[in-house]
Amino acid sequence: MKNMTLKRSIIYTLFFALFLTSCKKDEVASNDPQTPSSEEIAKNTSDPDSIKTKPVEESAPPMMQENGFYNAFAIPKDKKLRDSLYAVFSKKYNERERYAILALNRLDSKSKWNSDTLVVPAKIDTTLMAYSPFPLQLDVLSDVKKFVIFSYPIQAYAVYSNGALVKWGPTSMGKKSAQTDRGLMFANWKKKLAISTVKSEWKLPYNFNIHNTHGIGWHQYDLPGYPASHSCLRLLMKDAIWLYNYADTWILNPGGATTKAKGTPVMVFGDYPWGKRKPWRNLLNDPNANNISVEEMTKMIQPNVEKMIFEQTNREKVADSIKTAKASEAAAVQETEVSEN
């Protein structure tokens, strides 16, 4: 009996010792920072009926894609994002820099978001001369005092004085269904505010006619980033004013029915890559992609130089004769007034 009692005591003692050991292990496990608590397990256990979704990230204006000499400034379609981007754009560039960037993309401020990507120079030259696709010097024009040329392929114009490039800029020429005439023309008449012959409500500031029978001229109007006109040559306002003051008009015979002398020579050449990538976008891959070589320009202009110089000389003679006639008339009037007194 005593032996049985002793055995039971030993068994109870061992059982109690094991119970204490188990409790201590549980306590240690609950205090272990590497062991997840029941609350954490509950958080991490997915509901079998739930649908897994990725957290939605807030959209942000796209960053500038740095490509080298020219960079790409992507423009989102969403209006709110475009507004946010415009704030970034305005903060990054001042007014003159923004004007130059848009000009390089054949855009005016009204049409600034017509493109989904702006080509932006790494270094901004507000005169645009650093990015000229036209040669800086053309010896073939050394005897031509004034010359204006429009390129259909790159939608740009250039101005040369005695062969030296003095200005260039963007244009929007005739759309595919109403293309601008190519070839050599001469500046005719000008008017500070002309009315379109297509629609009377269209006002054309600083219009300078270059093809009287077809009603073609250059003037200020929207630049949407592609050829969009009804055959005229659209310009930015500043460029339209500059060219309005630069070019010479024709001189008409008494009565105005016939031309006595032609104005500044103007040439339109080439074709636009209809339906393809905008030419200035190619600058992102090659900063010289739009450049027109001296050889190409010379070959195109050379056959017309003789006629340009002839008309230039004739205009100078006519202008001088008119000036002399006016001076003689003024002198005669003055002499009459003196004799009467």
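Contact here means heavy atoms within 4.5 Å. The model is predicted.

**Exercise 1.** List the residues in contact with Trp 218, leaving aside its neighbours within four places in sequence, and place Trp 218 in its core.

Solution. Start with the aromatic partners of the list: they include Phe 150, Tyr 206, Phe 208 and Tyr 244. Next come Val 148, Ile 210, Leu 233, Leu 235, Leu 243, Ala 247 and Val 266. Asn 207 completes the list. Then turn to the largest nonpolar core, which has 54 residues. Trp 218 is among the members that touch the most others, together with Phe 134, Phe 150, Tyr 160 and Ile 301. Strand β4 (residues 156-161) gives this core its largest share, five residues. A separate second core of 10 residues includes Phe 73, Leu 85, Phe 89 and Leu 118.

**Exercise 2.** Describe how helices α3 and α4 meet.

Solution. Two packed helices are described by the angle and the distance between their axes. For α3 (residues 79-92) and α4 (residues 95-104), the axes come within 8 Å and cross at roughly 115 degrees. On the α3 side the contact is made by Tyr 86, Phe 89, Ser 90 and Lys 92, and on the α4 side by Glu 97, Arg 98 and Ile 101. These residues divide into three nonpolar, one polar and three charged.

**Exercise 3.** Which residues of α4 are buried, and what covers them?

Solution. Arg 98, Ala 100, Ile 101, Leu 102, Ala 103 and Leu 104 are buried. Their cover includes α3, β2 (117-121) and β5 (164-170).

**Exercise 4.** Examine both ends of α4.

Solution. At the start, a side-chain oxygen of Asn 94 lies within 3.2 Å of the backbone nitrogen of Arg 96. After the helix comes Arg 106, with a positive phi near 60 degrees.

Terms used:
Residues are numbered from 1 along each chain as its sequence is written. This is a predicted model: local features need pLDDT of at least 70, side-chain atom pairs count only at pLDDT 80 or more; totals for chains, interfaces and linings use all residues. Side-chain values use heavy atoms; hydrogens and water are left out. Axes are lines fitted to C-alpha atoms, for helices over the stretch in contact, and angles run from 0 to 180 degrees between N-to-C directions. Helices (H or I, at least four residues) and strands (E, at least two) are DSSP runs, numbered from the N terminus. Ala, Val, Leu, Ile, Met, Phe, Trp, Tyr, Cys and Pro count as nonpolar, Asp, Glu, Lys and Arg as charged, and the others, Gly among them, as polar. A nonpolar core is a set of buried Ala, Val, Leu, Ile, Met, Phe, Trp, Tyr and Cys residues joined through side-chain atoms within 4.5 Å. Buried means under 20% relative accessible area, exposed over 50%, partly exposed in between (1.4 Å probe, protein chains only). A polar contact is a pair of N or O atoms within 3.5 Å; within protein, one must be able to donate a hydrogen and the other to accept it, and residues adjacent in sequence count only if both atoms are side-chain atoms.
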